[in-house]
Structures are given as C-alpha cells and as structure tokens.
Amino acid sequence: MIDYINELNAEQYEVVMAPDGPALVIAGAGSGKTRALTYRVARLIDEGVNPENILLATFTNKAAKSMLTRVEALIGSKASGVWGGTFHHLGNRILRKHSGLLGYSRSYSILDRDDARQLLASCIADLGIGTGKDRFPKPALVGDVIGLAENTRNSLEYIVTKRYQNLFKYITDIHKIALRFRIRKKELNVMDFDDLLVNWLQLLREHEDIREKYAGQFVHVLVDEYQDTNVVQAEILNHLAVLHNNIMVVGDDSQSIYSFRGADFTNIFSFPAKYKNARIFKLETNYRSTPPILHFANMSIENNEKQFQKKLKAVREGGARPIYAPMRDITQQANFVVQRIIELFDAGVPLDEIAVLYRAHYHSMELQMELVRRRVPFVVRSGIRFFEQAHIKDITAVVRILVNPFDELAWKRVLTLFDKIGKARAEKIWKFLESSGVPHNALFSSDLLENAGKSAEPGIIKMREIFKRVFEDAKDDTPWKVIESFLAAGYRDLLTVRYDESASREDDLRQLVIFSRQFQSLADFLSDLALMTNIDEENNDFRHEVPEQKVVLSTIHQAKGLEWSVVFMIRCSEGMIPLARALREPGGVDEERRLFYVATTRAKDQLYLCHTIMDGNHGYSGKPCAPSRFIEELAAPSLNPHEQPFEQWLIDEI
DNA sequence: ATACGATTTTTTTTT
DNA sequence: AAAATCGTAT
C-alpha cells in the first residue's frame with residue numbers, strides 16, 4: 001500500500017488525488033512534479049485502471065523510462081503496459097500501424113536531422129536553385145524554416161516574415177523546395193521528425209475510426225513539460241482526450257526553452273479556456289535550492305512580463321549567495337573552474353554532484369582540454385550525439401538497405417564509402433540499381449561495371465565482396481549479426497584508412513553491437529535508433545561500465561529537469577547568454593532569460609556565474625564583452641555589496 | 001568531369 | 001568537429 005499522505009506534500013497530494021476531468025498543473029522548478037506525476041500514475045493503476053489505457057507523454061524517452069521505473073517500484077510490474085514516451089516515439093508507434101492510410105508503407109524509415117538536411121540539399125539541387133551568383137541560404141536553414149512552419153501550422157510566408165526576414169526574397173524558391181521535399185519524402189517512403197507529429201495529427205483528423213479507437217483507448221492522458229509542446233502536439237492531445245476528457249498537463253511557463261522548435265508556452269495559458277472547468281493546481285514549494293539561489297532565480301524571471309503568477313518558496317534554510325566571477329579570458333575561466341572543482345572534490349563534494357552548464361556546445365572546448373590536462377573525469381552531454389556520428393551512420397545505412405532495398409539515401413551513403421565513388425558516381429550507380437527493380441541483385445550484374453566507369457571498378461568489386469557476405473548473414477533478420485558481418489567483411493579496415501582516431505570509433509562500434517543485441521528484428525532496431533539520442537543516457541544498462549563519478553558538462557537545454565549540488569555557468573557574457581543570434585528572434589530576450597532561469601534553478605547548494613572580459617583565448621585575440629544583462633539587471637545600485645542578490649569575486653592570476 | 005585532399009570558416013538550442 | 005571552399009590529380 002502506498003502511503004500517499006505521508007510521502008507527498010499537500011500540494012502534490014492534491015494533484016495525485018485530483019478526480020477525473022481536465023487539470024492543469026503549474027509546477028515550479030524543483031517542486032517535485034515528477035514525483036506527483038509518478039504517484040498519480042501509480043494511483044490510477046492501483047485503483048484498477050488498465051495500464052494500457054494510460055498515455056504518458058514526456059519530453060525525452062529517458063524521462064518516460066525513469067518515471068515508469070518509479071511507478072513500478074511503487075506498485076510492482078502492473079505498471080508495464082502504460083503508453084509512455086516522447087510525442088515522436090508515440091507517433092511512430094501509432095503510425096507504424098496505420099501508415100498505409102497516408103500513402104506510406106509500414107516499413108518507412110525515419111530521417112534524422114542529417115538525413116533530412118541531405119535530402120533537402122538534393123531537392124535544392126534538383127530544382128537547380130542557388131547555382132547563380134548570389135548565395136542561396138544553406139539547406140539546414142531552409143529546413144529550419146520548413147520545420148517551423150510544419151510545427152506551428154503556419155504558412156511559409158508567415159514564418160519568413162516573422163522570423164527570417166532576410167530570406168524573404170527567396171520565398172518563391174523556398175515554396176518550391178518545400179513542395180519537392182514533401183514529394184520526395186513520400187517517394188522514398190521516409191518521414192522526418194516533423195512528419196511523425198504532422199502525419200499522426202493528419203491520421204487522427206481524417207480517419208474517424210482511428211480517432212475513435214485511440215480516444216477510446218486512452219482513458220487517462222498525462223503530459224509532462226507542457227510548456228514545450230507546439231500546436232501540433234496540442235491538437236493531437238485534443239483528439240486523444242476528446243472522449244474521456246481526462247487530461248492532465250504539467251508544466252512551467254518559466255521554463256519554456258524550445259520555441260525554435262515551434263514550442264508555444266501560451267498553450268499553458270489557453271488550456272483552461274480550451275478545457276472548460278479544468279482544475280488548476282500549483283506546485284510552488286521548492287525542495288532543491290537554498291533560499292539565496294532561489295531568490296536570485298525568482299528575481300531574474302520577474303523581468304519577464306508574460307507568465308503565470310507564482311513564487312517559488314524555499315523549504316531549505318541557510319546557504320550562500322550565487323557567486324559572480326568575472327575573468328580575464330576563457331583560459332583563465334577554464335583554470336578557475338577546474339581549480340574550483342578540484343577544491344570542491346577535496347572538500348568532499350562528489351564529482352557527479354558538479355555540473356558545468358553553457359549556452360552552446362563550443363563554449364566548453366577550452367574547459368574540456370583543461371579537464372583532460374588535469375585528469376578530472378567528466379562526461380559531455382552535448383555536441384554530436386552517438387547515433388549521428390559518421391561511422392555509426394555508415395553501419396545503419398547498411399541495415400537500412402536490407403530493410404528497404406529502395407532507400408536511396410542509404411545506398412548513396414554506402415556507395416561513397418568505396419574508392420573512387422563520389423557524389424556523381426553514386427548518383428549514377430543508384431539510378432542503375434533503382435531502374436533494375438531489384439537493387440540487391442543489380443549490384444552483382446555485369447552491366448553495372450560498364451555503367452559506373454572504369455576507375456570505380458575496384459571499389460565496386462570490393463563492395464560486392466562485402467555485400468555478398470552481408471546479404472548471406474542477414475537471412476535471419478538479426479541486427480547484431482548484420483553489423484558484425486559488415487564489420488568483419490571490410491568496414492573495420494575501411495575505418496582505419498578513413499579516420500585518424502579510428503580506435504575510439506572502433507570502440508563505439510563495439511558498443512553498437514552490444515546495443516543491437518536487444519533487438520529482435522532489423523526494422524525494430526532502426527526505428528528505435530532513429531528516435532534515440534544518447535546511448536549511455538537513455539540506455540545505460542548495457543554499457544556495463546563501472547559507474548565512475550564524473551563532472552557533467554552540458555548545454556542548458558540538456559540540463560532541463562536535472563539537478564546538482566554545485567553548478568558552474570560559463571560564458572555568462574552579453575552575446576553568449578543571451579546569445580546574440582537568439583536576440584534577433586521575436587521574444588528572444590525572454591526565451592534567453594528563461595534559459596538563464598533554467599540553468600540557475602539546477603543548483604542545489606552553490607552557483608557560480610563566470611564571465612570572461614575578453615572574448616578570446618589569450619587575452620589578445622577576441623574583443624571585450626560585457627557581463628550578461630541577466631546578471632547586470634539584478635544588481636541594485638542602492639544596495640551595499642553584501643546586500644546584492646549575488647556575491648562578486650575577484651579572480652587573481654591562477 | 002570527377003574525386004579527393006588541404007585549407008579555411010563557422011559553430012544555438014533538439015526530437 | 002564538420003561544412004564550405006579551393007586546388008590538384010586522375
């Protein structure tokens with residue numbers, strides 16, 4: 001039996017016990033919203049709700065997994081069967097069943113960012129755009145525009161006028177590209193991340209029987225991080241909750257940091273209007289941070305106009321004010337942070353209770369070097385993700401070819417791995433394979449050699465050798481066998497020739513083989529992989545490493561929902577946070593301030609805000625830069641130094 | 001025409 | 001670190 005009343009505070013208890021019907025929970029940072037959600041799911045199942053009738057939408061797969069693990073700890077294995085995961089994950093699960101209705105086959109592939117960018121680039125090339133004198137925007141940027149239009153259900157014109165005015169002169173071309181992109185994705189039987197949402201919504205809108213099926217199934221719908229949902233997701237929820245009307249959304253408007261992805265935190269404000277007689281709950285008790293840190297954070301976010309009235313109250317006592325430490329340059333900053341980390345460690349703070357947060361990946365480069373130099377163990381939770389690395393994608397391209405013989409992108413990627421086959425020749429060979437009707441066989445046809453040209457012959461012969469083995473070993477549909485086969489047949493050798501640091505890449509491949517063992521079929525393996533970001537974060541159970549304590553380096557975005565005893569924020573300078581580029585967007589300052597808020601509220605006991613006076617690595621290069629406005633605006637001139645919301649340190653030479 | 005290596009530039013954030 | 005650019009070799 002769960003002792004709800006004693007294991008929850010009064011605010012949380014209300015949420016957990018809230019009767020059926022729509023509910024909005026405004027949950028401040030560190031107020032135990034995960035706890036409330038977890039207990040509510042447990043309570044529902046405990047009271048006899050079938051787990052399959054519960055939908056739990058979260059922001060990361062990791063969050064869903066950890067919540068359901070906690071539910072299981074409360075009520076036992078009854079919890080399995082709950083539909084939990086990210087919107088993309090859930091969308092994929094449902095679309096796999098019904099993709100035929102939308103003109104897709106069941107075995108559609110999912111494009112990651114890089115795949116989508118490449119396909120977009122090829123669309124642009126097909127249309128003969130951007131070959132002229134003036135430089136056409138990069139495919140990635142065009143992709144951002146198209147994606148934002150999809151995710152906000154706005155027209156391209158609207159997006160371009162609102163946020164990308166400098167692209168306005170290209171609007172006609174962007175239209176053509178978007179159209180071709182859509183057609184190509186259908187032709188290739190692929191969906192990008194946006195399609196998983198948009199097509200899911202289309203399915204619910206246009207097919208009454210499907211809508212009824214799922215609206216009927218999901219008796220209870222629970223949504224975490226509601227402030228970061230976009231209108232497509234909000235509409236999907238609308239359709240799913242239409243029948244039972246038991247929808248509980250949890251969020252904090254002050255922590256909305258994904259507007260670049262179409263997230264619209266005003267979804268929170270419009271929730272009570274959309275769901276009449278929705279109950280509204282507030283979780284305002286903060287268990288995480290000391291009062292001085294919380295005071296600092298509260299003061300900061302007050303500079304944002306549009307927000308729900310709420311004030312986080314600390315339950316903890318004592319504690320020191322956040323420390324503002326201006327530094328000469330980034331070299332000194334790296335020295336300071338590492339020095340301080342070592343001191344903290346010596347004073348008994350475990351390394352995994354220390355984090356360094358920053359706005360953009362590249363802000364952490366010097367720090368990483370310094371940490372290596374002084375042998376402080378650390379993990380970086382930003383930058384290129386495991387599954388986006390070139391060598392991992394080479395392998396998955398092979399698997400994709402096996403699952404879908406007409407996966408053009410995968411074929412081209414694999415072809416260009418071989419000697420004397422580049423972009424142009426890969427295109428030619430692909431056309432030949434495609435027109436044959438059976439690409440797998442055409443690879444071995446004698447016409448291929450003539451078609452491809454003489455210099456490519458050795459490469460093609462090598463490829464045939466490898467694929468002969470791979471096709472053979474792929475017969476029983478086992479992912480790890482295919483990967484092993486490809487590695488042994490020749491990719492391992494290829495790797496050592498192609499990359500300088502092939503040793504660490506080989507290490508990754510070993511991890512991939514171990515990882516792949518948990519999958520029953522090639523298709524399962526692929527779709528799970530596409531929606532996964534980090535191998536160790538979301539799936540640490542198979543890494544089998546002795547958990548070593550490490551300092552965490554992370555972007556602020558990736559730090560959402562986490563907490564550490566000591567948090568360092570580096571590069572707290574104008575232009576870095578707020579990031580100069582982000583300020584150009586409408587509502588940019590507010591969003592950056594929310595980021596700052598998220599970062600500061602990660603700290604339990606100590607918070608260091610580092611600022612570099614010179615924006616370069618040796619004090620000579622680089623230009624001078626001001627401290628972040630988010631710090632400056634909190635300094636009250638009328639107050640004595642010891643009354644300011646933060647303490648200023650002077651850093652000597654280190 | 002094509003492939004490929006060397007050099008320079010540029011980094012927002014992510015499912 | 002990866003993409004874009006440029007020059008050279010085939």
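Okay, let's start with helix 10. The buried residues of this helix pack against helix 5 (87-98), helix 7 (139-152), helix 9 (171-187), strand 5 (190-191), helix 11 (208-217) and helix 12 (231-240). Before I go on, keep in mind that this is a predicted model.

So which residues of helix 10 are buried? They are F193, D194, D195, L196, L197, N199, W200, L201, L203 and L204. That makes 10 of the 14 residues buried, so helix 10 is largely enclosed by the rest of the structure. As for its length, helix 10 covers residues 193-206 and reaches 20 Å from its first C-alpha to its last, close to the 20 Å expected at 1.5 Å a residue.

Now, helix 5 came up as one of the packing partners of helix 10, and helix 5 takes us to a sheet. It lies across strand 2 and strand 3, at about 120° to strand 3. Those two strands pair in the parallel sense over 4 bridges, with strand 2 being residues 54-58. If you want a spot to click on, take L55: its bridge partner in strand 3 is W83.

Zooming out, 6 strands make up this open sheet, the order is 3-2-6-7-1-8, and the pairing is parallel. At the edges you find strand 3 (83-86) and strand 8 (279-283), each of which pairs on one side only. On average, neighbouring strands here are turned by 15° against each other, direction ignored. Helix 3, residues 33-46, lies across strand 1 (23-27), strand 2, strand 6 (220-223), strand 7 (247-251) and strand 8. Its direction is about 165° to strand 6.

Just a quick stop at Y275, which sits in the loop between helix 13 (266-274) and strand 8. Is Y275 buried or partly exposed? Well, it has 18 C-beta neighbours inside 10 Å, so Y275 counts as partly exposed. Leaving out residues up to four places away in sequence, Y275 touches P22 and I247. Y275 and G21 are 254 residues apart in sequence, yet their C-alphas are 9.0 Å apart in space.

On to the other sheet I want to show. This open sheet has 7 strands in the order 13-14-12-15-16-11-19, again with parallel pairing. Strand 13 (378-381) and strand 19 (647-648) are the edge strands, each pairing on one side only. Further in, strand 12 (residues 354-358) and strand 15 (residues 564-569) run parallel and are joined by 4 bridges. Here L357 stands opposite M569 in strand 15. There's a helix across this sheet too: helix 15, residues 330-346, lies across strand 11 (323-327), strand 12, strand 14 (551-555), strand 15 and strand 16 (603-612). Helix 15 runs at about 160° to strand 16.

Last topic, the DNA. How many residues surround DNA strand B? There are 26, and the closest are A360, H361, G422, A424 and R425. Helix 19 (423-436) and helix 27 (580-583) are the elements that give two or more residues to this surface, and helix 19 has the largest share, with 3 residues. By class, the surface near DNA strand B has 9 nonpolar, 10 polar and 7 charged residues.

And what surrounds DNA strand C? There we have D114, K138, I384, Q389 and A390. By class, that's 2 nonpolar, 1 polar and 2 charged residues.

Key: Residues numbered from 1 in each chain as written. Chains lettered and ligands numbered in written order. Predicted model: local features only at pLDDT ≥ 70, side-chain atom pairs only at ≥ 80, totals over all residues. Expected span 1.5 Å × (residues − 1). Buried ≥ 20, exposed ≤ 12 C-beta atoms within 10 Å, placed from the backbone. Contact = placed C-beta atoms within 7 Å. Pairing = 2+ DSSP bridges. Axes fitted to C-alpha atoms, helices over the stretch in contact; angles between N-to-C directions. Near = placed C-beta within 6 Å. Nonpolar A, V, L, I, M, F, W, Y, C, P; charged D, E, K, R; others polar.
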